[in-house]
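Subject: The structure for you to look at

Hi there,

Here is the structure I said I would pass on to you. Please open it and keep it beside this message while you read; my notes follow below.

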Amino acid sequence: MKVGAAQFTFLCDLLRKRTGVVIDGSKEYLVVARLTPIVRQRKIPSLDTLIDRIRKGIDPTLERDVLSAMMTHETSFFRDKSPFETLRTIVIPELVARRAASRQLTFWSAACSTGQEPYSLAMLLNEHFRGLLETWQVRIIATDFSEAVLARARDGLFTELEAGRGLPPALLQKYFRPLQGKWSISQDCRRLVEFRSLNLNATWPMMPPCDVVLVRNVMIYFDIATRAALVERMRRILRPDGALFLGGAETLIGMDTRYERLAGTGCSYYRPKQR
Ligand SMILES: C[S@@+](CC[C@H](N)C(=O)[O-])C[C@H]1O[C@@H](n2cnc3c(N)ncnc32)[C@H](O)[C@@H]1O
């Protein structure tokens with residue numbers, strides 16, 4: 001299947017305008033590979049016809065599905081390990097000490113893809129802070145632009161391959177049970193996570209003040225101005241002593257932001273600057 005140059009440009013512009021995701025002009029092959037399944041599934045004659053339908057704006061769900069299919073949803077359990085170690089050994093113990101009066105903790109996994117990130121956090125809390133879960137109000141809000149990945153995240157069913165990526169065998173045995181040839185995550189973890197649809201590049205629905213925000217491996221797809229605007233909006237959602245975690249290839253170094261960088265266990269994390 002092929003895509004016309006004008007259609008390709010239209011799609012990339014639309015993706016950037018709606019979501020902030022930038023696809024460079026040499027990646028036509030990527031768009032073809034990602035959209036061909038939609039063309040086949042919906043029995044549309046060609047890719048260009050699909051794009052024309054989006055241009056006419058008749059079907060908003062088609063537009064969303066197409067934009068979502070153009071994104072990268074790569075993820076894994078306990079991705080990069082060090083942010084989770086930092087949460088376990090530094091950030092959560094400090095927050096627990098400071099929140100003794102309110103007994104509330106709110107985490108936000110922004111751009112959660114198929115759920116491995118928020119479920120990793122839920123396992124970490126169950127493993128190391130179980131007492132807290134019994135007596136405190138602990139929430140993990142997990143959001144993404146893509147309805148397709150959110151549906152999979154809500155199902156909480158993972159293939160052998162997905163479960164094999166980053167999940168220690170002991171945690172697989174403890175927090176999953178076999179179901180329909182896959183691994184189903186336990187109620188102990190599900191009950192902590194609320195999945196919601198949210199476009200980081202549009203107006204956000206009401207978000208509560210957050211103690212920890214994970215916005216990992218999504219800003220790499222945004223341009224500098226979009227990244228700067230996003231971390232500034234995140235700063236307003238974070239409590240003053242809250243923590244922001246980025247992906248391994250993402251940094252605020254060199255950006256003029258109102259965050260200070262702190263050393264974690266094998267990674268950095270960020271806190272709103274105190275004035
Ligand atoms: C590479 S995955 C990262 C998943 C997870 N945070 C991790 O680090 O493993 C990036 C996710 O960002 C989502 N995404 C991209 N642009 C977005 C936007 N504007 N708003 C919300 N989610 C977005 C995609 O749908 C995708 O699931």
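Lys43 is found in the loop that links helix H2 (28–41) and helix H3 (47–56). Before you look closely, keep in mind that this is a predicted model. Is Lys43 buried or exposed? A residue counts as exposed when 12 or fewer other C-beta atoms lie within 10 Å of its own. Lys43 has 6 other C-beta atoms within 10 Å, so it is exposed. Its backbone deserves a look too: Lys43 is not a glycine, and yet its phi is positive, at about 55 degrees.

Ala111 also has a positive phi, of about 65 degrees, although it is not a glycine. You will find Ala111 in a loop as well, the one between E1 and helix H6 (116–128). What about its surroundings? The cut-off for buried is 20 or more other C-beta atoms within 10 Å. Ala111 has 24 C-beta neighbours inside 10 Å, and therefore it counts as buried.

Ala111 comes up again at the ligand. Which residues are closest to the ligand? They are Thr75, Ala111, Ser113, Phe145 and Asn217, out of 25 residues that surround it. Sorted by character, the shell around the ligand holds 8 nonpolar, 12 polar and 5 charged residues. Domain 1 (5–69) and domain 2 (82–272) each give at least three residues to this shell.

That brings us to the domains themselves. The domain assignment splits the protein chain into domain 1 (5–69) and domain 2 (82–272). Taken over C-alpha atoms, the centres of domain 1 and domain 2 are 29 Å apart. Where they meet, 8 residues of domain 1 are in contact with 11 residues of domain 2. On the side of domain 1 that touches domain 2, helix H1 (5–19) and helix H4 (60–69) each supply at least two residues. H4 gives the largest share of that side, with 3 residues. By character, the residues on the side of domain 1 that touches domain 2 are 2 nonpolar, 3 polar and 3 charged.

Now for the strands. Strands of a sheet pair through backbone hydrogen bonds, and the pairing can be parallel or antiparallel. You can see both kinds here.

Let's take the parallel kind, around strand E7 (residues 210–215). How many of the residues of strand E7 are buried? The count is 6 of the 6, so strand E7 is largely enclosed by the rest of the structure. Strand E1 (residues 104–110) pairs with E7 in the parallel sense, over 4 bridges. There, Phe107 stands opposite Val212 in E7. E7 also pairs in the parallel sense with strand E8 (residues 238–246), over 5 bridges. Two pairs to look for are Val212 with its bridge partner Ala243 in E8, and Val213 with its bridge partner Leu244 in E8. Follow the chain through E7, helix H12 (residues 224–237) and E8, and you trace a right-handed β-α-β unit.

Within strand E7, try picking out Leu214. Leu214 counts as buried because it has 28 C-beta neighbours inside 10 Å. Apart from neighbours within four places in sequence, Leu214 is in contact with Ser109, Ala110, Glu117 and Phe245. Leu214 and Cys112 are 102 residues apart in sequence, yet their C-alpha atoms are 8.8 Å apart in space.

For the antiparallel kind, look at the open sheet of 3 strands in the order E3-E5-E4. Strand E3 (157–158) and E4 stand at its edges with a single partner strand each, so one side of each has no neighbour in the sheet. E4 and E5 run antiparallel and are joined by 4 bridges. One example to find is Phe176, whose bridge partner in E5 is Ile185.

Gln180 is in the loop between strand E4 (176–179) and strand E5 (182–185). Gln180 has 8 other C-beta atoms within 10 Å, so it is exposed. Gln180 and Thr159 are 21 residues apart along the chain, and 9.8 Å separate their C-alpha atoms.

Have fun exploring, and write back with any questions.

Best wishes

How values were computed. Residues are numbered from 1 along each chain as its sequence is written. This is a predicted model: local features need pLDDT of at least 70, side-chain atom pairs count only at pLDDT 80 or more; totals for chains, interfaces and linings use all residues. Two strands pair if DSSP finds at least two bridges between them. A crossover is right-handed if, with the strands pointing away from the viewer, the path from the first strand over the helix to the second runs clockwise. A residue is near a molecule or strand if its C-beta atom, placed from the backbone, lies within 6 Å of it. Ala, Val, Leu, Ile, Met, Phe, Trp, Tyr, Cys and Pro count as nonpolar, Asp, Glu, Lys and Arg as charged, and the others, Gly among them, as polar. Domain bounds come from an automatic or database domain assignment. Two residues are in contact if their C-beta atoms, placed from the backbone, lie within 7 Å.
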